[in-house]
Amino acid sequence: MYNPSGFAIKDLDELQQQILGTRLAMVVTHGEQGLQASHLPLLLRPEQGANGTLYGHFARANPQWKELQSGAEALVIFAGADAYVSPGFYPSKADHGKVVPTWNYVAVHAYGTAEIFTDADRLLNLVSALTDRHEAGRAQPWKVADAPADYIDGMLKAIVGFALPIQRLEGKRKLSQNRSAADIAGVREGLAASPDTHDQALAHLMR
C-alpha cells in the first residue's frame with residue numbers, strides 16, 4: 001500500500017490488534033484465473049510465527065482455495081474505521097482557503113502463502129474457535145456441538161481450511177497527522193458530532 005512514514009504502523013502488537021478487531025477480512029490472490037477475492041472471517045494466532053498465523057476456510061466450491069494450494073501469495077486486507085474528512089472541519093479554511101477533502105482510515109495488509117487442509121478434526125477445531133469468538137457476549141451462545149453431529153460432518157466436507165503464516169505486515173493509520181494541531185482537533189470534533197457511527201468510531205481513534 002502507499003504508506004508515507006508518518007502514517008505507517010510499525011508496532012507488531014498494534015498491527016495484530018487491528019487484525020483481531022476486524023470481523024471480516026478480504027483474501028486476495030492472483031493466479032491462472034486472474035485476481036480473485038473472498039470476504040472471510042479469520043482467526044489470528046498471534047504467537048505462531050514471527051508475525052502470527054491466520055486461519056480460515058473457503059467453501060469447497062470456491063475455486064480460490066486452489067490458487068493457495070498451488071503456492072500463490074495471498075494479500076489479506078483488514079479494513080478498520082474510516083471517515084470522509086470535509087474541508088469545513090479545518091479552522092485553516094477560514095485563514096487561507098487552501099484545503100481539500102480527504103479520507104481518514106486505518107488498514108492492515110498481511111501477506112503470505114498458505115497451507116490448505118481438509119482434515120475433519122482440524123476443520124472442526126477451526127470452525128468451533130471461529131464460532132466461539134463471534135458468539136462470545138451473547139446471552140445464550142450457540143456452539144457447533146448444538147447441531148447434530150452428522151449434519152456438522154456434512155458441512156465440514158463442504159469447506160476447505162487454510163493456515164497462512166504472515167510473512168509480511170503493513171499497517172496505516174491516516175488520522176490527519178499531516179495537519180496542524182488546530183486542524184486535527186477540528187476534524188476530531190467534526191467527526192465526533194456526526195450522527196454516523198463510522199465517523200464517531202474514527203473520531204475516537206483520534207483522541
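Helices (H or I, at least four residues) and strands (E, at least two) are DSSP runs, numbered from the N terminus. The exercises below concern a predicted model, in which local features need pLDDT of at least 70, side-chain atom pairs count only at pLDDT 80 or more, and totals for chains, interfaces and linings use all residues. Residues are numbered from 1 along each chain as its sequence is written, and side-chain values use heavy atoms, with hydrogens and water left out.

**Exercise 1. Describe the setting of T29.**

Solution. Begin with the element: T29 belongs to strand β2, which covers residues 25-31. Next comes accessibility, where buried means under 20% relative accessible area, exposed over 50%, and partly exposed in between (1.4 Å probe, protein chains only). With a relative accessible area of 2%, T29 is buried. Then list its contacts, a contact being heavy atoms within 4.5 Å. Leaving aside neighbours within four places in sequence, T29 is in contact with G34, L35, Q36, Q64, E67, L68, E73 and A74. A polar contact is a pair of N or O atoms within 3.5 Å; within protein, one must be able to donate a hydrogen and the other to accept it, and residues adjacent in sequence count only if both atoms are side-chain atoms. The side chains of T29 and Q64 make such a contact, at 3.0 Å. Finally, T29 and Q17 are twelve residues apart in sequence, while their C-alpha atoms are 24 Å apart in space.

**Exercise 2. Find which residues of helix α1 are buried, and where they lie around the helix.**

Solution. Helix α1 spans residues 12-20, and its buried residues are L15, Q16, Q18 and I19. Seen down the axis of α1, these buried residues fall within an arc of 155° (the arc of the directions from the helix axis to the C-beta atoms), so they line one face of the helix. As background, an α-helix has 3.6 residues a turn, so residues three or four places apart point the same way. At the N-terminal end of α1, D11 acts as a cap, with a side-chain oxygen 3.3 Å from the backbone nitrogen of D13.

**Exercise 3. Identify the residues with the most contacts inside the largest nonpolar core, and the strand that gives the most to this core.**

Solution. A nonpolar core is a set of buried Ala, Val, Leu, Ile, Met, Phe, Trp, Tyr and Cys residues joined through side-chain atoms within 4.5 Å. The largest has 36 residues, and those with the most contacts inside it are I19, L42, L54, V76, F78 and F162. Strand β6 (residues 74-85) gives the most to this core, namely six residues. For L54, the contacts beyond four places in sequence include I19, L42, V76, F78 and F162. Another core lies apart from this one and has 14 residues, among them F117, A129, V144 and L156.

**Exercise 4. Classify the pairing of F58 and F162, and say which parts of the chain this pair joins.**

Solution. Rings of Phe, Tyr and Trp (its six-membered ring) pair if their centres lie within 6.5 Å; planes under 30 degrees apart count as stacked, over 60 as edge-to-face and the rest as tilted. The structure holds two aromatic pairs. The rings of F58 and F162 have centres 5.2 Å apart and planes at 40°, so this pair is tilted. Since F58 lies in strand β5 (residues 53-59) and F162 in strand β9 (residues 159-165), the pair ties together parts that are 104 residues apart in sequence. Both F58 and F162 are buried.

**Exercise 5. State which rings lie under the charged ends of R168 and R179.**

Solution. A charge sits over a ring if NZ of Lys or CZ of Arg is within 6 Å of the ring centre and within 35 degrees of the ring normal. The charged end of R168 sits over the ring of Y111, 3.8 Å from the ring centre. For R179, the ring is that of Y90, and the distance to the ring centre is 4.1 Å.

**Exercise 6. Compare the places and accessibilities of S176, G71 and A61.**

Solution. S176 is in the loop between β10 (168-174) and α6 (181-192), and this residue is buried, at 1% relative accessible area. Although S176 is not a glycine, its phi is positive, at about 65°. G71 occupies the loop between α2 (64-69) and β6, and with 43% relative accessibility G71 counts as partly exposed. A61 lies in the loop between β5 and α2, where its relative accessible area of 75% makes A61 exposed.
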